[in-house]
Amino acid sequence: MPVTPNLEAYWMPFTGNRYFKSNPLLIETAQGMHVTTTDGKEVLDAISGLWCCNAGHCHPKIVAAIQSQATRLDYATAFQLGHPGVFELAEKLTGIAPGNLDYAFFTNSGSESVDTALKIAIAYHCARGEGQRTRLIGREKGYHGVGFGGISVGGMSPNRKMFGALLPGTDHLPHTHHLEHNAFSRGQPEWGAHLADELENIVALHDASTIAAVIVEPVAGSAGVLVPPKGYLARLREICDQNGILLIFDEVITAFGRTGRRFGADTFDVQPDLMTVAKGLTNGAVPMGAVLVDRDIYAAFMTGPEQAVEFFHGYTYSGHPLAVAAALASLAVYEDEGLYERAGQMAPVLEDAVHSLKDAPHVIDIRNMGMMAAIELEPRDGEPTLRGLEIYRRCFDAGLLVRTTGDTIALTPSLIIDENQVGQIVDIIGQVLQSIN
Ligand code: PXG
């Protein structure tokens, strides 16, 4: 018989604590496409842990790299000291990153990557003598983690509303989620590129000279897979260029194959000045994030006396040896096992499968990009999000782990998934949708 621990003392993140503790779900082991509960039930993981185990759980090469590193070097401060692996990782990562993202700053999470990128943007303008450029522009429905910077530019109201005034000097682009125009789009919606033009109005309102950066997720993940309309990201790039504004892509979810190519920037063929990554960087195995930085931005900091600290920022665990080992192994696995190509090949399979649920009960939209998909359901009258939660639980009971955000089911399986498993996901969701009111 499994031993259930006392659940009370753990304050769980982004969880209804009281509901969970009366209805706990505990997993004990994971392997490949599956997780196993403490009572031995095997569950197909359709969300890569939480958009992060791109090569599947407990990949043997990643496990071995972490184990071996743990015996050799447990910790190395990143301040005025280094270890070889972190330099190797920076070179590998910037080597595969698009354009001139030639420098990597390491963090321990997506939230830290976002706040680091926002600070780099503001400090960059300051270093160039444009210290008045401090304004940061995000987007409605955007998710950029939970730091004060991230929630200030983020656009999910529950994540903002209890936390006071947030950062001053932020503004938000409109979101692009309009079912009357783009429901049931396969891949990028045709409608909505003009919503990027709203950046021109924001620039006119505040004046370009006050704006440091625009931050968007190439595909908004947490909000439920909102795919950018055709031409939208290119238009944002153009307006940023015209106004001396940096463009930050928050690729915490979209990097490392999720959109069908290595990075969202590759898939959409739009080059950011800064890119945040995390999650898939280590295949989820050890916490780690990074900000990838354009070489001109880095160069703007490299002034003054050589021994002087150029950027007063960093974390005790920046470039932690265990995370570095996991990241080096993960990047090698992604390349060696052809997982970026595999994501591109499996994307149409996932697309066809999810869109086959078009006529299932409650479905009001289905959208997809690469190895991400969402099925949006009509909320139950007077009980928004409850249908989503019930579906989450029923899917789990039926052997499938999905993510529900409100009344939207998000699917983001590991890139190793096969056609049968895609079929299983859609069969289980189809049955659950039939069974629920
Ligand atoms: N940016 C983006 C685009 C993210 O998706 C973060 C930053 C923050 O990362 P950390 O590592 O600090 O959590 C994220 C995180 C969901 C869900 O349900 C998604 C995230 C986190 C929690 C839930 O979709 N993404």
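These legends accompany several close-up views of a predicted model.

**Figure 1. The whole protein, with its helices and strands.** Let's start with the full chain, which holds 15 helices and 15 strands. Its radius of gyration is 22 Å, close to the 22 Å that the globule rule gives for 437 residues, so the protein is as compact as a globular protein of that length. The C-alpha trace spans about 65 × 55 × 45 Å along the principal axes. Of the 437 residues, 50% count as buried. Among contacts with a separation of 6 or more, 72% come from residues 24 or more positions apart.

**Figure 2. Where domain 1 touches domain 2.** Domain 1 is built from two stretches, 17–55 and 338–435, while domain 2 covers 63–336. Taken over C-alpha atoms, the centres of domain 1 and domain 2 are 26 Å apart. Across the boundary, 31 residues of domain 1 are in contact with 28 residues of domain 2. On the domain 1 side, at least two residues each come from α2 (48–51), α13 (339–355), β11 (363–369), β12 (372–377) and β15 (408–411). Helix α13 gives the most to this side, with 7 residues. Sorted by class, the side of domain 1 that touches domain 2 has 17 nonpolar, 9 polar and 5 charged residues.

**Figure 3. The shell around the ligand.** Next, we turn to the ligand and its neighbours. The ligand is surrounded by 18 residues, and the closest are S109, G110, S111, G145 and V252. Helix α5 (110–127) and strand β14 (403–405) each supply at least two residues of this shell. The largest share comes from α5, with 3 residues. By class, the shell divides into 7 nonpolar, 8 polar and 3 charged residues. Both domain 1 (17–55 + 338–435) and domain 2 (63–336) give residues to the shell, so the ligand lies between them.

**Figure 4. The open sheet of four strands.** Here the 4 strands follow the order β1-β2-β3-β13, and their pairing is mixed. At the edges stand β1 (27–31) and β13 (400–401), each with a single partner strand, so one side of each is left without a neighbour in the sheet. Within the sheet, β2 (residues 34–37) and β3 (residues 42–45) pair in the antiparallel sense over 3 bridges. For a residue to look for in this view, take V35, whose bridge partner in β3 is V43.

**Figure 5. Strand β15 and its two partners, β12 and β14.** Strand β15 runs antiparallel to β12, and 4 bridges join the two. One pair to find here is A373 with its bridge partner L411 in β15. Strand β14 is also antiparallel to β15, joined to it by 3 bridges. In that pairing, R403 has A410 of β15 as its bridge partner. The hairpin of β14 and β15 has 2 residues between the strands, and G406 takes a positive phi near 60 degrees there.

**Figure 6. The two covered faces of β15.** In a regular strand, side chains alternate between the two faces of the sheet. Which residues of β15 are buried on one side, and which on the other? T408 and A410 are on one side, I409 and L411 are on the other, and all of them are buried. Both faces of β15 are therefore covered, with a residue counting as buried if 20 or more other C-beta atoms lie within 10 Å of its own. As the view of the domain boundary noted, β15 also supplies at least two residues of the side of domain 1 that touches domain 2.

Notes. Residues numbered from 1 in each chain as written. Predicted model: local features only at pLDDT ≥ 70, side-chain atom pairs only at ≥ 80, totals over all residues. Rg over C-alpha atoms; globule rule 2.2 N^0.38 Å. Buried ≥ 20, exposed ≤ 12 C-beta atoms within 10 Å, placed from the backbone. Contact = placed C-beta atoms within 7 Å. Domains from an automatic or database assignment. Nonpolar A, V, L, I, M, F, W, Y, C, P; charged D, E, K, R; others polar. Pairing = 2+ DSSP bridges. Near = placed C-beta within 6 Å.
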